[in-house]
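This report introduces the surroundings of a bound ligand to a reader who has not yet met the structure. Please look at the sequence and the model before reading on.

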Amino acid sequence: MQFQTKLFIDGVFVDAADRATIEVLNPHNNSHLAAVAEAKPADIDRAVEAATRAFPAWSSTAPSERGRLLLKLADAIEAHGDALAQIEALDTGHPIRDARGLDVARTAATYRYFGGMADKYEGFVVPVDPGFLNYVTREPVGVVGQIVPWNFPLMFTSWKMGPALAAGNTIVMKPAELTPLSSLKIAELMAEVGFPRGVVNILPGYGAVAGQYLAEHPGVHKIAFTGSTVTGRKIVQASAGNLKRVQLELGGKGANIVFDDADLKAAVAGSAFAIFHNQGQACIAGSRLLLHEKIADEFLDAFIALAKSIRVGNPLDPATEMGPLTSMGHRDRVLGYCEVARQQGGEILMGGKPPDDPTLTKGCYLMPTIVRAKPADRVCQEEVFGPFVSVTTFRDEAEVIEIANGTSYGLGGGLWTRDLRRAHAVARHMTSGMVWINCYKRAHPGSPFGGVRGSGYGREMGFEAMHEYTYPKSVWVNVDAAVPPFYKR
Ligand code: NAD
C-alpha cells in the first residue's frame, strides 16, 4: 500500500527542511510501514506563515462556500473509505470492521455536520437602550494549532478541523508521531476537493519538539489539544507567552455503574463495548466497572465469558474484534498495571497477559483484562488506557456516587438501571462532562463532548465547538439616540 509521507504545507507535500523522518510501525507485527517526514521548528514556522497568509481570504469566504468544501470532503472520505480504513487499521491496529464501520463513517459524518453548520451559525442582536443597535457577530479566532493523539487519528481530524474550518479559521495540525498516516491522506483529499492553499497544514512531528514549538508559537492564536493530562498542563504553560486560547480534551477514568435492577444482558454487552472497543484506548472508556453487590457474581460470570469470546487478532482480518494496542511501549505500560494491581492486593480475574496465539507474538497484543480492585487503588485512579477494567462492588446509590466521583478526572460515565428516578438522580450527581444511561460511549457531531477537572475544559462538537472556534464581537450603532450628555459644550 502507498502512503502519503510528506508534510502538507501551503497546499503542497514537502520534505522536512532538514529531511528528518519518523519511522512508523505496524502494531500487528512491528514491521516497518513508512518513513514520514518529521516537522521541526523551521517547518512549523513555514506552516504558521502559510496559515497566516491564508486567513484573510478564508475568513472572508462565504460560509456557504466553506461548508460546500467540507461537504465535498465528506463525500471524498466516503469514496476513499476502503483505503482510509486500511490505512487506519495498519497504522493504529483498529480492527478493519471498526475502521470501516465506525472511524471512516463517523469522520465523514462529522465533516458533513460542520459543512451544514457553516452557514447556519448565527450572531444575535441585544435589546439595549433605545436609539442604539447592538449586534454580536461570531469572528474566527485566527490561526489555530491543533495537536491530536494516536488513538483515533482519523476521526480527530474531523472533530478538530470540521468546526475550525466552518468558523473561518486556518489550521496547523500536528498528528501524533505514532499514527500520522490517515491525517496525511485527509490532506490529499482536502487538496483534491479544492481547499485553498495554506488553509490547512498538517505536520507530523514529535510532541516535545514540534508540538511544544507550536503551542509556544506567537503567531498561533489558539491551541486545541487532545491528549494526556500531563501534556495538557505543558500546553497551558506554553500558551502563556501570547495568551493564546486553549481547549483541552484530556484523560478520563469512566465509572460504569450497574445497579441490581439493570437489564443484565444489555449491561454485560454494553460494558464490554465500553472498555474493550479500540483495545480500551479511549479517553471515554468505561474503565471502572462498579457492580451492585447483589448482582456482582452473576454479572461477572457473564462478563468474563463474553470477554473470553472476543476475537483478538490481525486487524486486517474482517472477523477480528480486538486488534493490538498501538505501540509496544504502550502495551508494556498497560501490562505493567497488572503488577501494580497485584501489589495493592488486586486480583486478576482474566487476561493480564498477551494472547497465546503464536501468530501474534511480534505484535502489541494484550488479552482483555479484568481486575478486582478497591476504589483507592492506583488502577482505579490512574488512566490505564488499555483493555483493562477494574471491578469494584457497592451497596447503595450514595456509596456508588462517591466512588464514581472519587478520581481527579471528570470526562464520561454511565449507569445501567430500569428505575427512571434513579437514572436521572445519579446522572445529576455525577461530576462528568458526559453521562450515558443504559448505553455507553455514545457520541454524535451535534452533542457536546468534553470533560471537567483533570479531564480538561472546552467542548468538541455541535454549537459548543463553534463557540470554541470563534469570539463574539459586540458592535454598537447609534441609530437615532440623542447625543450623549458627556462633555457636551
Ligand atoms: P500525549 O499527551 O502523550 O500526546 C498527545 C499529543 O500531544 C501527541 O500529538 C504528542 O506528540 C503531543 N505532545 C506530547 N508532548 C507535547 C508537548 N510537550 N507539547 C505539545 N505537544 C505535545 O497523549 P497520548 O498518549 O498520545 O494520548 C493518549 C491520551 O489522550 C490519553 O490520556 C487519553 O485519555 C487522551 N485522550 C483524550 C480525549 C478527549 O477527548 N478527552 C480523546 C482521546 C484521547
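The following paragraphs describe the ligand site, beginning with its place in the protein.

The model is predicted. In it, the ligand takes up the space of the largest pocket. Among the elements of the surrounding shell, those that contribute two or more residues are α7 (207–216), β10 (222–226) and α8 (229–238). Both domains take part: domain 1 (7–250 + 451–475) and domain 2 (255–437) each supply at least three residues to the shell around the ligand.

Altogether 28 residues surround the ligand, and V148, E177, S228, L250 and E383 come nearest to it. Sorted by class, this shell consists of 14 nonpolar, nine polar and five charged residues.

Three side chains place an N or O atom at a short listed distance from the ligand, as set out below.

| Residue | Ligand atom | Distance |
|---|---|---|
| Q212 | nitrogen | 2.9 Å |
| T231 | oxygen | 2.7 Å |
| E383 | oxygen | 2.6 Å |

The ligand on its own would expose 840 Å², of which the protein buries 90%. E383 thus appears twice in this account: it is among the residues that come nearest to the ligand, and its side chain has an N or O atom 2.6 Å from a ligand oxygen atom.

Methods: Residues numbered from 1 in each chain as written. Predicted model: local features only at pLDDT ≥ 70, side-chain atom pairs only at ≥ 80, totals over all residues. Heavy atoms only, no water. Near = heavy atom within 4 Å. Polar contact = N/O pair within 3.5 Å; in protein donor to acceptor, adjacent residues only side chain to side chain. Areas by Shrake-Rupley, 256 points an atom, 1.4 Å probe, with all protein chains shown as cover. 1 Å grid on protein atoms, 1.4 Å probe; cavity = no way out; pocket = protein on both sides within 12 Å on 5 of 7 lines; lining within 4 Å. Sits in = over half its atoms within 2 Å of the grid points. Helix = DSSP H or I, 4+ residues; strand = E, 2+ residues; numbered from the N terminus. Nonpolar A, V, L, I, M, F, W, Y, C, P; charged D, E, K, R; others polar. Domains from an automatic or database assignment.
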